[in-house]
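Q: Please take a close look at the salt bridges of this predicted model. Which side chains meet in them, and where do the partners lie?

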Amino acid sequence: MGGTPSDLDTWARGLADLNRALAAGRIELTEWQDQIAVLDSGIDLASLHSYLDFDRLTAAMTFPEKLAQTADPKFPDRINVDGIERHWFIRFFGMRQGGAIIPHVHNNMVSAHLVMDGQFHGRTFDREADMQDPAGEFVMLRPKLDDTLRAGQMITMSDDRDNCHWLVAEADRSFTFDVGVLALSKTRLYTLPANEYSMIFVDPTAEAQDGYGLVRAPVISFKECAAKFAS
Ligand SMILES: [Fe+2]
């Protein structure tokens, strides 16, 4: 994938096609994850910035808090995005050094997070099971990625792989470009309810101690999560 406008049109059409295929159930969740990673690999980031009007959309962001600020780019009108039969979005998430996408799991959605600028400490976990007991609600998480993500690198998530993610910016004006598709056919039914963004906040910092390498992560409110991971 090069950086000419025509290359980027090909990329954007590929992305729309991928979302169309997923929304119609023609590909598996993990195929969407694999294919968007291929689509985004080798993309010319400088060209992507101008293609998505990144500078104009993010110039006014000043990051008074450690939580992310967002902006929604648009594909050019010549890119056909009709016929994606689920709610979907493209979005920039930006934050200052120490800012965070606070840890959460998702119900019935997929997303991809390409680092546009800056650098992150990225952590992902597989969501092995949800549990409810007298002590409260928990998600059993299997640690996966725990590494630095630099510009051009990405993570993805779905119900089936890397459902939990947590990003901490390691440089000022660190940004991801996200693609998400929501309200997917339910390959898994969850008893834990998610918020309007299909998110459930968790604290994944407990030591794995069950003998199976799983972290017992309490479900916490947005307020509790922001206080612990972005204050
Ligand atoms: Fe997320």
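A: A residue counts as buried when its relative accessible area is under 20%, as exposed when it is over 50%, and as partly exposed in between. At 13% relative accessibility, Asp162 is therefore buried. The side chain of this aspartate meets that of Lys144 in a salt bridge, with an N to O distance of 2.8 Å. Lys144 belongs to strand β6 (residues 136-150), whereas Asp162 sits in the loop between β7 (154-157) and β8 (164-169), so the pair ties together parts that are 18 residues apart in sequence. Lys144 is partly exposed, at a relative accessible area of 39%. The two residues also belong to a network of salt bridges that links Asp126, Lys144 and Asp162.

A further salt bridge is formed by the side chains of Lys228 and Asp203, at 2.8 Å from N to O. Here helix α5 (residues 222-229) contributes Lys228, and the loop between β10 (199-201) and β11 contributes Asp203, so parts that are 25 residues apart in sequence are tied together. Asp203 is buried, with a relative accessible area of 12%.

Arg216 and Asp133 also meet through their side chains in a salt bridge, at 2.9 Å from N to O. Because Arg216 lies in strand β11 (residues 215-218) and Asp133 in strand β5 (residues 119-133), this pair ties together parts that are 83 residues apart in sequence. Arg216 is partly exposed at 32% relative accessible area, and Asp133 is likewise partly exposed, at 27%.

The pairs described here are among the 11 salt bridges counted in the model.

Note on methods. Residues are numbered from 1 along each chain as its sequence is written. This is a predicted model: local features need pLDDT of at least 70, side-chain atom pairs count only at pLDDT 80 or more; totals for chains, interfaces and linings use all residues. Side-chain values use heavy atoms; hydrogens and water are left out. A salt bridge is a side-chain nitrogen of Lys or Arg within 4 Å of a carboxyl oxygen of Asp or Glu. Helices (H or I, at least four residues) and strands (E, at least two) are DSSP runs, numbered from the N terminus. Buried means under 20% relative accessible area, exposed over 50%, partly exposed in between (1.4 Å probe, protein chains only).
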